[in-house]
Amino acid sequence: METVKMDLSGRPFSMETGKIAKQAEGSVLVQYGDTSILVTATVSEKPREGVDFFPLTVDYEERLYAVGRIPGGFIKREGRPTEKAILAARLTDRPLRPLFPKQMRNAVHIVATILSVDQDCPPETLAINGASAALSISKIPFDGPVGAVVVGLVDGKPVINPTVEESKKSKLHLTVAGTKDAVTMVEAGAQEVSEEKILEAIWAGHEAIKQLIDLQLSLVEKAGQPKMELELFEPDPTIKEEVTAYAAEKFDQALRTPDKTEREEALDKVREETINHFLEQYPNHEADTNAVLEEVLKSTLRKMITKEKVRPDGRSPSEIRPISCEVGILPRTHGSALFTRGQTQVLSICTLAALRDVQILDGLGLEESKRFMHHYNFPPYSVGETGFMRGPGRREIGHGALVERALLPTISDEEKFPYTIRVVSEVLESNGSTSMGSVCASSMALMDAGVPVDKATAGIAMGLIKEDDQVIILSDIQGIEDFLGDMDFKVAGTKDGITALQMDIKIKGISREIISEAILAAKKGYLFIMEKMNEAISIHRPQLSRYAPRITTMQIDVDKIRDVIGPGGRMINKIIAETGVEIDIENDGKIYLAASDVEASEKAQQMILSLTKDVEPGEIYLGKVTRTEKYGAFVEILPGKEGLVHISHLDHKRVGKTEDVVNVGDEITVKVLDIDERGRINLSRKEALPKPPAHEDSKRRNNAGYRKHKP
């Protein structure tokens, strides 16, 4: 067993190998504070046949025992990964993937199992560090190590791996990953933070990453293995030369087709012609021809952009595609917007509901629910293809979370807007950065629904082409530029600052200067897009859609909650049944009523007020007789509150039988005499009735005296 240790932001950080999971090629137990995570790396001995990509799989396995909980529901074991686990797996994958050999086809499997969680030391970045260490000490070829940290911004200063209390004060949650020389991945949610502060946080994070990489290198010195020899696929040199000469010019012409569909048809035609041309000459080398064609296509595109400063659709590097924005296009939804940028088109729909519809979270974090949700759908028809639609994949979940993070800072808290909010983005056409298109469409849909959003949120995707010392930054990249380029850098924000970042690098890293230039160009780009959005809608509508529920807030004394609910929920269910209003009661006595009918809401409020109103001695009430006894009648004067009218208080005259005066169901006026120490209410009908004239009273007394002395 080998162990290396360091101090990271005032908490102990260690990596251990050689004790557990020893049959994996690489196995590292990472501990930070009281958080423990086991990360393993395994590899197939032979390349996977028939694939033209690197088959890397990352699994992030949450275990609820890590936080001392048993899974809910009927089946008491973990099921499919939570959204947070899927996002953590993607977060681990992205900085590692570019550091494997380019032509590697051996399958690699990384598994991060969360064993114990200290909320001050979240496990997400530990998975990246642990995976890098496991790969580095294993026989698997890997050009690491990679380190990762979270950076917060507390009182304007960067804080590495902030605690729970520090995170509450932080305006930034930034995950940075990188090698010792460069940053390779950035993921962030921010509360309208300036680009200068974002850059400062990135550099602070990279300095901490260098320490983590040194720690991993010391573990490699103690426990590292020789790297395995790979069977890397390399095309035949003769075929490479001939295919390049044949296809380069044809690709150059096809790439200059502005329309995506027409361009892809032209490129497919070049591929088909080239393969058919060389199939007779090299019948058993179709894979070589295909590999060379992809290299030629990539080099041709990159040469066009770096040398001529021309992109496939004719734009300059900083030019943004034509934009159109529409709102309110769906009549029955609560809010809707259509955003079109070139051949990327997104329809976003906003739905409002009561707070009872919040999403319940069953994971390892502190959050138990969330009231704002964004969901992203990417159907096959958006790229003109057929396919299966079996629920969201990792890509859909990742993009949905990025958009949600970008919009969250503009969402009012439930005190100001007591609604659950769901926005769904339907990608109708795709040619680059549908996630940032979803940010724009969703921001407008929120405004169209009347959600109190006072400023727009827009987003843009930036690209990079780096050839030797020549660097070209591209604004508003399209699909082919993303696929064949070196960077996908998404930036979203409002006019007052950045709200979300996501940067993935396909090369070993980029310099500070390039990141700075890209983020400044991105802000300029999304502000330009925002102007187009503001022409369609610049502030939220003053009224909600007539199809959206109206939510009213009431506050009652905590001690009165039981009166509103009633025994077994009898009272609250009665209100819901009679009015059709949805009612949510918080533990602090706050009540939310959701109804599409104003009259129904007002009726429900009155019923609740009557339940919470105190019975006051001396007050007169109109009540209903609920039952009769020999000694008097019980009368309900308020919902759930009844008292006794003794037979002697039913009338001014003597009453021989209760039913002579009142029967069950009668409504009578009564006065509260008193409330005894046991909470029993004593009522009087006699005291609530007008007093009889004096002569009648005297006559009754005389008659009573006569009866008294009658033999």
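**Strand pairing and helix packing in the predicted model**

Strands β26 and β27 (residues 641–646) are paired in the antiparallel sense over six bridges. The model analysed here is a predicted one. Within this pair, Ala633 has Val645 of β27 as its bridge partner. The hairpin of β26 and β27 has two residues between the strands, and Gly640 adopts a positive phi near 80° there.

Strand β26 also pairs with strand β25 (residues 620–629), again in the antiparallel sense, over five bridges. Here Val625 is bridged to Val635 of β26, and a hairpin of two residues connects β25 to β26. Of the seven residues of β26 (residues 632–638), six are buried, so this strand is largely enclosed by the rest of the structure.

These strands belong to a barrel closed by five strands in the order β25-β26-β27-β29-β28, with mixed pairing. From one strand to the next, the twist averages 50°. Strand β28 (residues 667–675) and strand β29 (residues 681–684) run antiparallel and are joined by four bridges; Asp674 has Asn682 in β29 as its bridge partner.

Helix packing was examined for two pairs. Two packed helices are described by the angle between their axes and the distance between the axes. For helix α5 (residues 237–255) and helix α7 (residues 286–308), the axes come within 8 Å and cross at roughly 45°. This angle makes α5 oblique to α7, and the crossing in which α5 passes α7 is right-handed. Residues of α5 in the contact include Ile239, Val243, Ala247, Phe251 and Leu255, and those of α7 include Val292, Leu293, Val296, Leu297 and Met304. Charged residues also take part, among them Lys240 and Asp252 of α5 and Asp288 and Glu295 of α7. By class, the contact of α5 with α7 comprises 12 nonpolar, three polar and four charged residues.

The second pair consists of helix α13 (residues 570–579) and helix α14 (residues 598–612), which pack at an angle of about 155° with their axes 9 Å apart. The two helices α13 and α14 are therefore roughly antiparallel to each other, and their crossing is right-handed. On the α13 side the contact is formed by Met571, Ile575, Glu578 and Thr579, and on the α14 side by Ala600, Lys603, Ala604, Met607, Ile608 and Leu611. By class, seven nonpolar residues, one polar residue and two charged residues make up the contact of α13 with α14.

Conventions: Residues numbered from 1 in each chain as written. Predicted model: local features only at pLDDT ≥ 70, side-chain atom pairs only at ≥ 80, totals over all residues. Heavy atoms only, no water. Axes fitted to C-alpha atoms, helices over the stretch in contact; angles between N-to-C directions. Parallel < 35°, antiparallel > 145°, perpendicular 65-115°, else oblique. Left-handed = near helix turned anticlockwise from the far one by under 90°. Contact = heavy atoms within 4.5 Å. Pairing = 2+ DSSP bridges. Buried < 20%, exposed > 50% of the residue type's maximum accessible area, 1.4 Å probe, protein only.
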